[in-house]
Amino acid sequence: MKLVPTLFLSGAADKHRRWVALAVAAQVLFILLVAGAGSAISSYGRAVVLRTSPVDPRDLLYGDYVTLNYDVSQLPRPLWRGSEAPRRHRPVYVELRPTSAGYYEAVAVYPAEPASLPADHVALRGWIVNVWRQGLQLRYGLERYYVPEGEGRKLERRAGRQPLLVHVSVAPWDQSRITRVEIAPKPAERP
């Protein structure tokens with residue numbers, strides 16, 4: 001009689017161990033996929049440089065960061081290429097082209113991903129934050145750049161009146177991530 005309950009418990013314990021092992025494996029796989037996705041954006045993405053200026057660099061929970069205000073965040077309304085009027089909270093694709101100064105500028109804003117672009121152009125996905133008669137305000141999910149403790153204010157001071165150059169990797173599957181932030185060289189320093 002004691003043999004039956006022991007076998008029953010042994011099977012239940014074995015089943016429980018399998019569920020725990022499966023749950024741990026799923027968590028490890030999730031972490032690896034998140035890390036791999038970030039790495040894939042940098043590896044397979046197209047490098048783009050955007051001009052910006054820093055704002056307010058402190059968050060009590062996450063430490064120092066620099067809030068970035070990109071030149072391509074406020075765009076004139078004539079760049080809109082949709083048949084319907086732009087609306088808040090809608091995804092958009094901003095066509096960027098390289099300039100002779102070394103950074104990218106906006107050429108057009110589309111309500112859907114453009115079918116084709118010139119070889120040196122890139123489509124950066126964003127969202128409409130605000131619409132007014134003369135323009136659009138956009139966000140890209142790249143507006144915060146976290147820096148080591150104490151570096152936020154230093155970066156803001158060093159930037160002074162110079163804009164920052166933000167290196168962004170734009171993946172073919174519409175994700176983007178900041179890879180580096182630097183102070184733009186003065187015009188005389190450019191090669």
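# Reasoning through some salt bridges and strands

Colleague: Why is arginine 18 called exposed?

Modeller: Arginine 18 has a relative accessible area of 54%, and exposed means over 50%. The value passes the cut-off, so arginine 18 counts as exposed. Do keep in mind that this is a predicted model.

Colleague: What makes aspartate 14 partly exposed?

Modeller: The relative accessible area of aspartate 14 is 34%. Buried would need under 20%, and exposed would need over 50%. Aspartate 14 lies in between, so it is partly exposed.

Colleague: How do you know that aspartate 14 and arginine 18 form a salt bridge?

Modeller: Their side chains meet at 2.8 Å, N to O. The rule asks for a nitrogen of Lys or Arg within 4 Å of a carboxyl oxygen of Asp or Glu, so this pair qualifies.

Colleague: Where do aspartate 14 and arginine 18 sit relative to each other in helix α1?

Modeller: Both belong to helix α1, residues 3-44, and they are 4 residues apart, which means about one helical turn separates them.

Colleague: Why does the pair of arginine 51 and aspartate 71 count as a salt bridge?

Modeller: Their closest N and O atoms are 2.8 Å apart, and the limit is 4 Å, so the pair counts. Arginine 51 is in strand β1 (residues 46-55), while aspartate 71 is in the loop between β3 (63-70) and β4 (74-76), so this salt bridge ties together parts that are 20 residues apart in sequence.

Colleague: Why are arginine 51 and aspartate 71 called partly exposed?

Modeller: Arginine 51 has 25% relative accessibility and aspartate 71 has 38%. Each value falls between 20% and 50%, so partly exposed is the right label.

Colleague: What makes arginine 180 and glutamate 182 a salt bridge?

Modeller: Here the N to O distance is 3.3 Å, which is within 4 Å, so the rule is met. Salt bridges that share partners also join Asp14, Arg17 and Arg18 into one network.

Colleague: How many salt bridges does this rule give?

Modeller: The count comes to 5.

Colleague: How do you know that strands β5 and β7 pair?

Modeller: Two strands pair if there are at least two bridges between them. β5 (residues 91-98) and β7 (residues 122-132) have 6 bridges, so they pair, in the antiparallel sense. One example is valine 92, whose bridge partner in β7 is glycine 126.

Colleague: What makes β7 and β8 a pair?

Modeller: They are joined by 5 bridges and run antiparallel; at least two are needed, so they pair. Asparagine 130 stands opposite glutamine 137 in β8, and a hairpin of 2 residues joins β7 to β8.

Definitions and conventions. Residues numbered from 1 in each chain as written. Predicted model: local features only at pLDDT ≥ 70, side-chain atom pairs only at ≥ 80, totals over all residues. Heavy atoms only, no water. Buried < 20%, exposed > 50% of the residue type's maximum accessible area, 1.4 Å probe, protein only.
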